[in-house]
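This report looks at how two chains meet and how a sheet in one of them is put together. The sequence and the model come first, and the description follows.

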Amino acid sequence: MTEKILTEKNLVVRHSTLELIEHWAIALSGLILLVTGIFELPVGKRYYIVNVPGLGWSADFITSLYLHYAAAVVFTAAGMFHLVYHGLRGEKGLLPRRGDLSESIKVIKSLFGFGEEPPMHKYLPEQRLAYVGMAFIILMLIVSGLVKTYKNIYAPDMSYPVLLWATWIHNIFFILFFLAFIAHMAAIALRPNWPMVRGIFTGRVRLDYARHRHPLWIAELDPSLQKNTAPPDELPESVDMAKQETEEEG
Amino acid sequence: MTQQDHFRMGRRSFLKITAAAAVASAAGLPQKAYAAKDRQLATLIDLSLCDGCPDRKVPACVGACKEINKNKIPRVIDPIPEPWPRKTIENWSKKQDVFNRLTPYNFIYVHKAELTVDGEKKTVFVPRRCMHCDNPACVTICPFSANHKNKNGAVVIDQNSCFGGAKCRDVCPWEIPQRQSGVGIYLHVLPGLMGNGVMYKCDLCHERLAKGKLPGCIEACPREALLIGDRRAIEQLAESRAGRMNGYIYGKTQNGGTSTFYVSPVPFEDLDKTMVKKPGQPDMKTDVKRRMADTDPLAKAVLASPVVGIAAAGIMGFLSKRKDRAKKEA
């Protein structure tokens with residue numbers, strides 16, 4: 001298990017190096033796929049994107065296709081790796097649990113000052129729900145993209161209904177992927193979530209933050225630490241914790 | 001039989017050279033042979049036979065095509081919504097009679113090439129239309145799959161799902177598809193912001209083929225300069241005709257191969273020199289590469305990538321579990 005409490009450094013290892021590589025491989029290749037996917041629409045000339053310095057290639061659909069394919073290799077391999085590797089290891093921390101929907105509503109309400117956040121595991125309940133949503137979107141994009149790629153090389157005359165399904169699944173899930181990406185960025189922008197951002201860059205989050213916001217996770221890692229953790233209803237506002245951390249880091 | 005007689009082989013005679021067609025011909029229903037949707041077809045355009053129909057105002061192939069497709073484009077909305085921010089509008093609705101170039105209302109035209117070959121002045125007439133390529137980028141790269149290649153080789157744009165972005169024209173080496181603004185599905189979505197009409201081009205009269213009829217241009221040609229038939233038979237016929245006239249073939253290798261075979265007694269390089277590429281008037285360069293072919297190796301890597309990801313996960317998953325077990329035992 002990678003997760004580890006580093007008490008003397010006031011840190012908890014939240015993600016392994018492999019997980020960080022997986023995340024960033026999917027994130028960066030996904031971004032390239034988003035941009036080059038947009039450039040596969042006839043927008044480069046129409047919206048004068050070609051006039052933007054460095055984007056002269058945006059109206060060349062074949063150049064965009066090169067980049068789209070290159071990113072798709074990384075995206076697909078990393079996506080499939082993630083699914084199979086963590087599946088084999090039986091890691092289910094990101095899978096939704098019973099009650100996640102109502103817990104998510106509580107968390108979201110608390111972000112706007114209504115009520116207290118419930119004690120949380122390693123991942124927030126809405127993170128687990130979002131993960132399944134994003135994983136499904138990615139899976140659909142990969143499957144439909146593979147059909148389209150096969151058609152491009154070997155079968156321009158493939159069954160029209162199959163092609164139309166693949167095309168529209170790819171287009172619709174492209175929009176959903178874009179929306180999911182924006183939602184992901186919006187979640188990061190929320191102040192209480194800021195302490196988690198360092199985790200996706202360094203793999204580690206602050207122990208004091210984790211003890212207050214993710215007590216159930218810390219209890220799993222080291223039950224003795226839970227005893228020293230105040231019950232959730234006595235915890236300071238997570239907003240304050242984030243603020244405190246920002247000030248300390250600043 | 002003179003060489004010219006060979007070239008003037010009739011449609012019925014031609015059909016006899018293909019096995020499937022021969023059966024149909026014997027049954028007295030030669031045209032039914034075209035109705036088989038999965039049978040790969042090809043067309044032959046014999047430039048040694050085409051004379052541009054000097055006795056007609058409009059060449060017979062062009063006239064027949066226009067007649068068949070005269071009601072294809074629905075009424076164009078007036079005024080046509082102005083696209084934003086680039087305000088390009090392509091409206092041919094008031095110039096439907098134009099027949100000397102490709103337009104949304106004219107899917108075939110005849111180029112007149114006047115050239116000197118071996119000191120001899122010659123006039124060659126070249127019917128131009130969609131080549132119906134074997135692996136057409138206009139089909140594979142359409143973001144809405146509005147353009148599709150049928151099993152019989154016909155490349156067909158579905159005007160009900162085309163947004164008129166003209167991407168197909170951009171990737172076509174001959175820039176064949178032509179846009180009519182003010183019609184199509186884009187009018188019902190965001191006409192000012194996305195889409196700009198519908199793309200039109202020759203569809204090999206696929207609906208007529210399905211009914212066992214010949215494409216209009218082929219049926220109308222008085223000199224039988226245009227033929228259609230089984231792909232392999234047409235290819236062989238093109239080879240044999242080119243061989244007999246010591247001539248040349250165009251369309252066999254261009255853009256990765258097409259299902260249109262031009263046969264000419266003069267080199268296509270010379271014909272190309274008589275053509276100035278303009279909108280709706282393609283040239284005839286002989287070194288036309290299929291640009292997407294260069295992306296195929298990377299596309300194959302995409303197809304292999306799930307296997308690579310799964311294999312790597314399997315190996316690493318196994319190793320990490322073994323490591324975990326060793327740790328526990330220690």
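In this predicted model, the contact between the chains draws 42 residues from chain B and 37 residues from chain A. On the side of chain B that touches chain A, helix H5 (137–140), strand E4 (147–149), helix H6 (167–171) and helix H11 (296–329) each contribute at least two residues, and the largest share, 19 residues, is that of H11(B). The composition of this side of chain B by class is set out below.

| Class, side of chain B that touches chain A | Count |
|---|---|
| Nonpolar | 21 residues |
| Polar | 12 residues |
| Charged | 9 residues |

Chain B also holds an open sheet of 4 strands, in the order E8-E1-E10-E9 and with mixed pairing. Strand E8 (226–230) and strand E9 (248–250) of chain B each have a single partner strand and stand at the edges, so one side of each has no neighbour in the sheet. On average, and with direction ignored, neighbouring strands of this sheet are turned by 25° against each other.

At one of these edges, E9(B) pairs with strand E10 (residues 260–264) of chain B in the antiparallel sense over 3 bridges, and Tyr250(B) has Tyr262(B) in E10(B) as its bridge partner. Helix H9 (residues 231–244) of chain B lies across E1 (41–46), E8, E9 and E10 of that chain, and runs at about 20° to E1(B).

In chain A, helix H3 (residues 100–111) has 12 residues and spans 16 Å from its first C-alpha to its last, close to the 16 Å expected at 1.5 Å a residue. Gly113(A), with a positive phi near 90°, follows H3(A).

How values were computed:
Residues numbered from 1 in each chain as written. Chains lettered and ligands numbered in written order. Predicted model: local features only at pLDDT ≥ 70, side-chain atom pairs only at ≥ 80, totals over all residues. Pairing = 2+ DSSP bridges. Axes fitted to C-alpha atoms, helices over the stretch in contact; angles between N-to-C directions. Contact = placed C-beta atoms within 7 Å. Expected span 1.5 Å × (residues − 1). Nonpolar A, V, L, I, M, F, W, Y, C, P; charged D, E, K, R; others polar.
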